[in-house]
Amino acid sequence: MNLSQLEAFCAAVQHGSVSEAARQLDYKRTKLSMAIKALEQDLTVELFVRTGNQLVLSEAGKAIFKDCEHMLVTAQRIRQTCANVSGEFNAEVWIARDDSLPDELWHELAHNLNNQFPSTAFNTVLASSGDLANLVETGQVDFAFGVDYERIDYPQITFNPLGKIRLMSVCGTDHPLSKMRRVSDEELRAHMQALMVYLNEKDNPELEPFSLSHIGFSSFDYMLASILDEGTWGVLPEPLIRQLLREQKLSVIKHTYGLIQEDFCMFTATGMSEHPAMSWLADKLSDYLFDF
């Protein structure tokens with residue numbers, strides 16, 4: 001049993017097919033199949049029930065899958081520790097973030113990051129909140145910051161809550177819903193809703209549409225534009241809309257839907273040493289949320 005065999009097994013489970021797992025790992029399909037077969041021979045069990053093109057975990061496969069994932073995470077942590085001991089460091093850091101906090105804040109933080117840590121290059125990409133964990137898990141970015149909608153136990157991901165962020169159901173001030181002293185379920189469902197969608201979508205009751213008619217966007221900014229320009233309603237983070245509420249361009253809908261708090265998190269790969277710049281950034285974001 002070796003790590004490449006465990007990686008092949010876990011990838012096949014996660015992607016649901018040997019072909020897709022091989023594509024994700026940049027392996028030849030036969031090489032990945034042989035790795036899984038060698039693991040089965042070493043363990044003297046069948047890890048999959050093979051029926052046609054379907055790949056279904058056997059009882060033995062189900063029993064060991066989580067342990068195999070944890071072994072891969074531990075191996076990554078060992079490699080990271082050794083890299084730190086040998087003095088290696090990441091001179092380029094990739095960061096994903098959602099748009100639940102104002103762009104002005106991120107622009108200021110980005111400039112301060114470059115001034116505070118001039119020897120490191122920081123690349124920041126905008127992503128949907130629900131895709132942040134997947135971007136870190138797949139190694140496309142090193143760190144991510146945003147609203148944690150998933151609340152799923154990923155062995156490969158560490159979720160570090162930096163503070164609470166309030167989400168509010170809002171509409172334009174000229175919208176019929178803004179004129180009502182109390183909005184019923186039926187009245188809310190009767191109006192077009194703008195809601196958050198993302199590529200790595202899983203079943204999540206909090207992201208299911210409330211209205212009978214709805215339109216999905218991958219960012220809060222797009223949702224906001226739809227609410228202001230197209231007469232929809234939606235659930236948006238308070239830091240993004242506070243000024244618009246003060247200017248009376250938006251109104252809070254008098255209904256309990258969407259009046260919730262979520263964790264704003266830093267997402268990192270489990271076992272990955274935290275870059276000092278990310279510790280600095282996490283502290284600044286935590287202070288902002290606390291003061292808000």
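The following dialogue examines the cavity, the nonpolar cores and the aromatic pairs of a predicted model.

Student: Which helix gives the largest share of the lining of the largest cavity?

Tutor: The structure holds one cavity of 30 Å³ or more, and about 40 Å³ of space lies in the largest cavity. Its lining consists of I95, W106, A110, L113, T124 and L281. Three residues, the largest share of this lining, come from helix α5 (residues 103–116).

Student: How many residues of the lining of the largest cavity are nonpolar?

Tutor: The lining is made up of I95, W106, A110, L113, T124 and L281. No residue in the lining is charged and one is polar, which leaves a nonpolar count of five.

Student: Which helix gives the largest share of the largest nonpolar core?

Tutor: This core has 48 residues, and those touching the most other members are L113, F145, W233, F264, M278, L281 and L285. Seven residues, the largest share of the core, come from helix α10 (residues 276–291).

Student: How far apart in sequence are F9 and F65?

Tutor: F9 and F65 form an edge-to-face aromatic pair, 6.2 Å centre to centre with 85 degrees between the planes. F9 lies in helix α1 (residues 3–15) and F65 in helix α4 (residues 59–85), so the pair links parts of the chain that are distant, by 56 residues.

Student: Why is the pair of F117 and F122 classed as it is?

Tutor: F117 is buried, with a relative accessible area of 17%, and F122 is buried at 15%. Their ring centres lie 6.5 Å apart. Because planes over 60 degrees apart count as edge-to-face and these planes stand at 75 degrees, the pair is edge-to-face.

Key:
Residues numbered from 1 in each chain as written. Predicted model: local features only at pLDDT ≥ 70, side-chain atom pairs only at ≥ 80, totals over all residues. Heavy atoms only, no water. 1 Å grid on protein atoms, 1.4 Å probe; cavity = no way out; pocket = protein on both sides within 12 Å on 5 of 7 lines; lining within 4 Å. Points joined across faces, edges and corners; volume = space filled by probe spheres on them. Helix = DSSP H or I, 4+ residues; strand = E, 2+ residues; numbered from the N terminus. Nonpolar A, V, L, I, M, F, W, Y, C, P; charged D, E, K, R; others polar. Core = buried A, V, L, I, M, F, W, Y, C linked by side-chain atoms within 4.5 Å. Buried < 20%, exposed > 50% of the residue type's maximum accessible area, 1.4 Å probe, protein only. Phe/Tyr/Trp six-rings, centres within 6.5 Å; stacked < 30°, edge-to-face > 60°.
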